[in-house]
Amino acid sequence: MAFFIIVMGTALYSDAYAGEAGVLPPEFRFSFKIARNDLNRILFPFSGITVSTVAEGEIKTEGGALYVLPESEEPLTLFVSPEDNPGISFLLELTPVSGRARSYTIPLPEPLKTPAGDPESARDSRTPVSRETALSRGFSGIWRALDRAAEIPEEIPGYTFVPESTVKKLLGKTDTLCSGYQETEFSGAWRSGPYLYVMLVLKNKLAIKTAARCEGKRILGFSILNTTEILPQGRRRILAAFQGNF
């Protein structure tokens, strides 16, 4: 499962231009050539990692190591996160080529380093979490919970379920929360800390495909699975974040 996160005005996930998915900064993006017919290894500076992707191929993890065996010559796109911090994501763009197995090492990005260069110290730091990081973690936690559930669950560990009636009292009508011209349907809402996350079904009533956007005045950010495109007459789930002051 791969998902895009766009936080308005953020430095961690910035909206590059209209219709484009959120773009990670260079130190979190990597493009590698990998062996088409052999096992490849990519090492991360973490004790454990998780992978989200829709790519075809044999993909497995062992500690901080990622192993990839492509099934075709098609490029693979993977999002990799530290196992204990899903709010951090690395984007890997892998291109299968002929040749022997390849191995790469991902360095620890500067934003994650402490003065001593100790990842454990960074995790235990008492420095307040930025709004961008908090929102990213909030989006990631909900998507991962939905990925493990047959239906949209009311109860998600670490979140408080919010009924639609409460959302309407806070935000008003829910059918135009993203914008005035894209109709939306309410699917669920959860609160985490000071933020309210609302799951909507975005409807494209046009005869052409369009880009999913969520740009209401009070929206802090939004997240969508796999791609921002919506097919003609199509529907897509989208998560929007708001200030959750009740």
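**Close-up 1. An open sheet of four strands in a predicted model.** In this predicted model, four strands follow one another in the order S2-S8-S7-S4 to make an open sheet, and their pairing is mixed. Strand S2 (29–35) and strand S4 (49–52) stand at the edges with a single partner strand each, so one side of each is left without a neighbour in the sheet. On average, and with direction ignored, neighbouring strands of this sheet are turned by 30 degrees against each other.

**Close-up 2. The pairing of S2 with S8.** Strand S8 (residues 90–97) and S2 run in the parallel sense where they pair, and seven bridges join them. Arg 29 has Leu 91 in S8 as its bridge partner. In general, the strands of a sheet pair through backbone hydrogen bonds, either parallel or antiparallel.

**Close-up 3. Helix H2 and its buried residues.** Helix H2 (residues 131–147) has 17 residues, which at 1.5 Å a residue should span 24 Å, and this agrees with the 24 Å between its end C-alpha atoms. Many residues of H2 are listed as buried, among them Glu 132, Leu 135, Phe 139, Ile 142, Trp 143 and Arg 144. An α-helix has 3.6 residues a turn, so residues three or four places apart point the same way.

**Close-up 4. Gln 233 in a loop.** Gln 233 lies in the loop that runs between strand S15 (229–230) and strand S16 (235–243). Its phi is near 60 degrees, a positive value in a residue other than glycine, whereas most residues other than glycine have a negative phi. With a relative accessibility of 54%, Gln 233 counts as exposed, because exposed means over 50%.

How values were computed
Residues are numbered from 1 along each chain as its sequence is written. This is a predicted model: local features need pLDDT of at least 70, side-chain atom pairs count only at pLDDT 80 or more; totals for chains, interfaces and linings use all residues. Side-chain values use heavy atoms; hydrogens and water are left out. Helices (H or I, at least four residues) and strands (E, at least two) are DSSP runs, numbered from the N terminus. Buried means under 20% relative accessible area, exposed over 50%, partly exposed in between (1.4 Å probe, protein chains only). Two strands pair if DSSP finds at least two bridges between them. Axes are lines fitted to C-alpha atoms, for helices over the stretch in contact, and angles run from 0 to 180 degrees between N-to-C directions. The expected span of a helix is 1.5 Å times one less than its number of residues.
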